[in-house]
Amino acid sequence: MSGVNRHIGIFGGSFNPIHIGHLILADYISQFTDVDEVWFMLSPLNPLKSHPEELIDDSLRMEMLAIATEGNPRLRPCDVELNMPRPSYTVNSLDRLSEMYPDYRFSLIIGGDNWQIFPQWREYSRILTHYSPIIYPRPGFFIDPQSLPSGVTLVNAPEVEISSTFLRKAIAEGKDMSNFMPHGVAEYILKHKLYLK
């Protein structure tokens with residue numbers, strides 16, 4: 001399929017590590033909406049983030065994204081933010097992607113928790129205008145579909161309550177988390193001894 005008018009969903013995050021919840025959500029959006037592909041946009045190390053010491057190196061997280069999406073043509077890793085000035089703002093990243101891929105149409109994928117604070121985002125109104133957000137449900141954050149601005153979509157994606165924080169803690173305690181992550185990612189973490197205390 002040519003790139004003309006191809007619709008790409010941008011799913012940003014630390015992915016520290018990526019897990020099956022991320023993949024289920026991205027795959028749902030790529031199959032049950034008009035989005036053709038979902039790109040996992042990796043957020044770089046952020047010194048302002050709480051517990052920045054828990055965020056492993058960008059290159060390791062990028063490799064895990066590549067492993068997790070391998071073999072699925074609807075999903076792919078995206079390193080655009082790793083090559084931009086920091087701190088990186090989502091609106092700038094989306095603008096950069098639009099410049100790099102002028103024939104593609106981009107939509108921002110965000111959770112209901114982030115939607116509730118969306119007016120605090122840098123140039124949020126421009127994201128609304130140009131990058132038609134797709135909202136996925138999060139427990140405890142009700143979104144009234146009637147309240148959404150034009151161009152914003154609420155999807156009924158499955159809610160998988162697995163967090164990267166939970167996985168890191170469990171791995172540090174010596175638990176086997178291989179069923180919570182793509183198989184190759186679990187092997188990669190084991191091989192490189194990641195997230196151990």
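Contact here means heavy atoms within 4.5 Å. The model shown in these views is predicted.

**View 1. An open parallel sheet of six strands.** The strand order is β3-β2-β1-β4-β5-β6, and the pairing is parallel. β3 (75-78) and β6 (153-154) form the edges, each pairing on one side only. At the β6 edge, β5 (residues 134-136) pairs with β6 in the parallel sense over two bridges. Within this pair, I134 stands opposite T153 of β6.

**View 2. Helices α1 and α2 on the sheet.** Helix α1 (residues 20-32) lies across five strands: β1 (6-13), β2 (37-42), β3, β4 (104-111) and β5. The direction of α1 makes about 145° with β2. Helix α2 (residues 58-69) also packs on the sheet, where it touches β2 and β3. Relative to β3, the direction of α2 is turned by about 170°.

**View 3. The packing of α2 against α7.** Two packed helices are described by the angle between their axes and the distance between the axes. For α2 and helix α7 (residues 183-192), the axes come within 8 Å and cross at roughly 150°. With angles over 145 degrees counted as roughly antiparallel, α2 is therefore roughly antiparallel to α7. The crossing of α2 past α7 is right-handed. On the α2 side the contact is made by L60, E63, M64, I67 and A68, which meet G184, V185, Y188 and I189 of α7. Of the residues in this contact, seven are nonpolar, one is polar and one is charged.

**View 4. An aromatic pair between β2 and β4.** Aromatic rings are paired here if their centres lie within 6.5 Å, and by this rule the model has 15 aromatic pairs. One of them joins W39 and F106 in an edge-to-face arrangement, at 5.6 Å centre to centre and with 70° between the planes. Because W39 lies in strand β2 and F106 in strand β4, the pair ties together parts that are 67 residues apart in sequence.

**View 5. Two cis peptide bonds and a positive phi.** The bond joining N16 and P17 is cis, with omega about 5°; P17 is in the loop between β1 and α1. A cis bond also runs from R86 to P87, with omega near 0°. P87 belongs to the loop between β3 and α3 (90-100). In the segment after α7, K193 has a positive phi, near 55°, although the residue is not glycine.

Methods:
Residues are numbered from 1 along each chain as its sequence is written. This is a predicted model: local features need pLDDT of at least 70, side-chain atom pairs count only at pLDDT 80 or more; totals for chains, interfaces and linings use all residues. Side-chain values use heavy atoms; hydrogens and water are left out. Two strands pair if DSSP finds at least two bridges between them. Helices (H or I, at least four residues) and strands (E, at least two) are DSSP runs, numbered from the N terminus. Axes are lines fitted to C-alpha atoms, for helices over the stretch in contact, and angles run from 0 to 180 degrees between N-to-C directions. Angles under 35 degrees count as roughly parallel, over 145 as roughly antiparallel, 65 to 115 as roughly perpendicular and the rest as oblique. A crossing is left-handed if the near helix is turned anticlockwise from the far one by less than a right angle, and right-handed if clockwise. Ala, Val, Leu, Ile, Met, Phe, Trp, Tyr, Cys and Pro count as nonpolar, Asp, Glu, Lys and Arg as charged, and the others, Gly among them, as polar. Rings of Phe, Tyr and Trp (its six-membered ring) pair if their centres lie within 6.5 Å; planes under 30 degrees apart count as stacked, over 60 as edge-to-face and the rest as tilted.
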